[in-house]
Amino acid sequence: MTDTAPTPASDALDDKVTDVFAGKVVRKDLVRKVKVGANVPVFVLEFLLGKYCASKDPVAIEMGLKVVNDTLAENYIRPDESMKAQHRVVDQGRHSFIDKVKVRIVDSEPWAEATNFGDNFIHIPSQYARDYERLLTGGVWAQLDMKHEYDEDSKGKRSFWITKLEPIQIATFDLEDYRAARESFTTEEWLDFMLRSLGYEPEGMERRLKYLFLTRLIPLAERNFNLVELGPRGTGKSYVIQEVSPYASLLTGPTTVANLFGHMRSGGQKGMVQIWDVVGFDEVADLQKMPKEVITTMKTYCESGTYQRGTEAASGDASIAMFGNTNQPVEVLVQSGHLFEPMPDIIRDDMAFIDRLHFYLPGWEVPKMQTAMFTDHYGFVVDYLAEALRELRKHNYTEIIDRHFSLGSHLNARDRKAVRRTVSGLVKIVHPNGEPSEEDLGEILEFAIEGRRRVKEQLKKMGSFEYYETSFSYLVESTGEERFVGVPEQGGRDLIALDPLAPGSAYSAGVTSDGTVGLFRIEVSVSPGTGKLKAAGGIAGLVKESTQRAFAYMQAHKGELGIARDMDTSDLHVEVIDLLANRIETEVGIGFFAAAMSALRSAPLSPALVVLGDMSVQGNIKPLRSLVEALQVAKDNGAKRALIPIENKRNFLDVDADIMEHVDPIFYGDPKTAAMKAMGTA
């Protein structure tokens, strides 16, 4: 006889949920108790617990728990017991199992693979593949009736047959009942109940953290929602996608474009985005190993939910969730780079792809999973919650913010789409009846704006001027008040130091034809030699060409510059550090010239100075394509003064007043004057 575990003390919320949602809730400590001995998803365990343990009676729970354990012992196959399971079917003629089943088509015939049963050529009626398409991509957990029968065609090699398959999911769900039941709860009670349904104990948890946890559910509730979460390991990033819903698929390694988006041939197998509600990437770094076509097709899909396969257009409803690990504290990432640094460069360098992400969940704010965080109270049986979220996908709350609010001028069309979808998803989760109060809606709206602004701020840091409007706000219709929304981790990076640099160092910036800004620190050192320029590895393209032109000018005019002796007996070594890490190619000729003169004369440049402009081999000054973007980036990164070609003076009238207030302009007309003014000797 087994000892009966002590029953956790219930509270008022337990009493309410067991009354309002009788038969649809389960005590979450029971899940952990069973989970220890069975490596099956939570929704499978709770499906069984919901059938046998959905009660408050301790005796009934213990009896139900015994049935669940017996069912798992008798019907669940451990991965290392496949031979034992096969022998049982052979010996008894037939048996019932719980296993994950996948189906593939071989020579026009469907064949099933039961993952833990250990056979990938099991006969299965073709009707099941038609009824449950998810069998064909990723597979489903199901209750199986299996028989053993000699197969003439394979001479006994393929002798297992699935005679009955029932996916593990609830039979019926009534959304109106669910919505009506929600009316019995306050917002705070419902938030806590939803947290408990995910297995977490909300007692003592800040409201913001509750919303961070619930944001992980948005891809399950909102069609074509693009979520990214980067944070430390062990915070449960992919738990919801992997464990909570049978309608989500988590990829744990590379995949193909055919698997994700379907086969090209007409009538071919559908892709994952057409069959699953959510496709998750457990480790976003795996995207680096995938064919480039996967990324390009996904970029198109993340924009509109449509994509091209061969000559045919296709579409899907699946949301995309990407998870990854950060290896540095957020403070370091904010100060030294941007928050997409942990992403593989195939995405990190593609600003258009990043711009399609609707919400960046700050995973560093989520604590690492510890025993004390898990609840012993009642929550939804997760497959019931999964059905609720799936049913809510059919509804659209993207216009709901217009009841009380409007979005500020800095939010462009993509920003508005992202914010509206986040609001819609959270309203479905917290207010499934679509009737939040103005206060609750305002809270959700601010949270949604913050998640989108986090994406936009990183694009801004990457140096592209088209993303520079990040003062996100919303207006309260009833009062006309405009409220601005920031991001908690945001802070100036001050890449341009206020302290004087060592002689030979200079900050420089340049602008590409599409308005993207590169910000650099140029370091020049002098060593005995014969007048050569030696560039460090990594200097290439326009940066290399512009430094070579400036060096050629120095060699040709060394007498009038007063550096003839130094140039004849010394070599110059140059390194250019890409401060924004956005791999922008642009000209930095005057920046190099000023740094080289500083090194030769052992005189530092003025502190917090950014040097702008380029030069020809004859010393003619090349102005910037555009002054506004370069000065904006310089100001945002700590510059207090800027050395500017005189040809750009007329462009200074286009510069924002805020920039003028913070960055003093210093104009020059030739290289020598530029260097003298940079060192403060002119």
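**Exercise 1. Determine whether Thr215 is buried or exposed in this predicted model, and identify its surroundings.**

*Solution.* Step 1: locate the residue. Thr215 belongs to helix H9, which covers residues 207-215.
Step 2: apply the cut-off. A residue is buried when its relative accessible area is under 20%. Thr215 has a relative accessible area of 0%, and it is therefore buried.
Step 3: list the contacts. With residues up to four places away in sequence set aside, Thr215 touches Leu227, Phe359, Leu361, Leu426 and Phe447.

**Exercise 2. Establish which residues Leu426 is in contact with, leaving aside neighbours within four places in sequence.**

*Solution.* Step 1: place the residue. Leu426 is part of helix H19, residues 413-430.
Step 2: judge its accessibility. The relative accessibility of Leu426 is 0%, so the residue counts as buried.
Step 3: read the contacts. Leu426 meets Tyr211, Leu214, Thr215, Ile218, His431, Ile444 and Phe447. The contact with Thr215 also appears in the list for that residue.
Step 4: consider the separation along the chain. Leu426 and Tyr211 are 215 residues apart in sequence, while 8.5 Å separates their C-alpha atoms.

**Exercise 3. Find how many residues of helix H18 are buried, and name them.**

*Solution.* Step 1: count. Helix H18 spans residues 382-392, and 9 of its 11 residues are buried, so that the helix is mostly covered.
Step 2: name them. The buried residues of H18 are Val382, Asp383, Tyr384, Leu385, Ala386, Glu387, Ala388, Leu389 and Leu392.

**Exercise 4. For Asn224 and Ser602, state the sign of phi and decide whether each residue is buried or exposed.**

*Solution.* Step 1: examine Asn224. Its phi is near 50°, a positive value in a residue other than glycine. Asn224 sits in the loop between helix H10 (218-221) and strand E7 (226-231). With 13% relative accessibility, Asn224 counts as buried.
Step 2: examine Ser602. Here too the residue is not a glycine, and phi is positive, about 50°. The loop that holds Ser602 runs between helix H24 (589-601) and strand E22 (609-612). The relative accessible area of Ser602 is 55%, and Ser602 is exposed.

**Exercise 5. Describe the open sheet of 7 strands and the helix H24 that packs on it.**

*Solution.* Step 1: give the order. The strands follow one another as E20-E21-E19-E18-E22-E25-E26, with mixed pairing.
Step 2: identify the edges. Strand E20 (533-535) and strand E26 (664-668) each pair on one side only.
Step 3: describe the turn. Neighbouring strands of the sheet are turned by 30° against each other on average, direction ignored.
Step 4: add the helix. H24 touches strand E18 (505-511), strand E19 (517-528), E20, E21, E22 and E26, and its direction makes about 30° with that of E19.
Step 5: inspect one pair. E20 pairs with strand E21 (residues 570-578) in the parallel sense over 3 bridges. In this region Ala535 stands opposite Val574 of E21.

**Exercise 6. Characterise the second largest pocket by its volume and lining.**

*Solution.* Step 1: state the volume, which is about 420 Å³.
Step 2: find the residues at the centre. The pocket is lined by 24 residues, and the closest to its centre are Val42, Leu198, Tyr239, Glu243 and Phe374.
Step 3: assign elements. Helix H2 (28-35), helix H3 (42-52) and helix H11 (239-244) give two or more residues to the lining. H2 gives the most, with 4 residues.
Step 4: classify the lining. It divides into 9 nonpolar, 7 polar and 8 charged residues.

Note on methods: Residues numbered from 1 in each chain as written. Predicted model: local features only at pLDDT ≥ 70, side-chain atom pairs only at ≥ 80, totals over all residues. Heavy atoms only, no water. 1 Å grid on protein atoms, 1.4 Å probe; cavity = no way out; pocket = protein on both sides within 12 Å on 5 of 7 lines; lining within 4 Å. Points joined across faces, edges and corners; volume = space filled by probe spheres on them. Nonpolar A, V, L, I, M, F, W, Y, C, P; charged D, E, K, R; others polar. Buried < 20%, exposed > 50% of the residue type's maximum accessible area, 1.4 Å probe, protein only. Contact = heavy atoms within 4.5 Å. Pairing = 2+ DSSP bridges. Axes fitted to C-alpha atoms, helices over the stretch in contact; angles between N-to-C directions.
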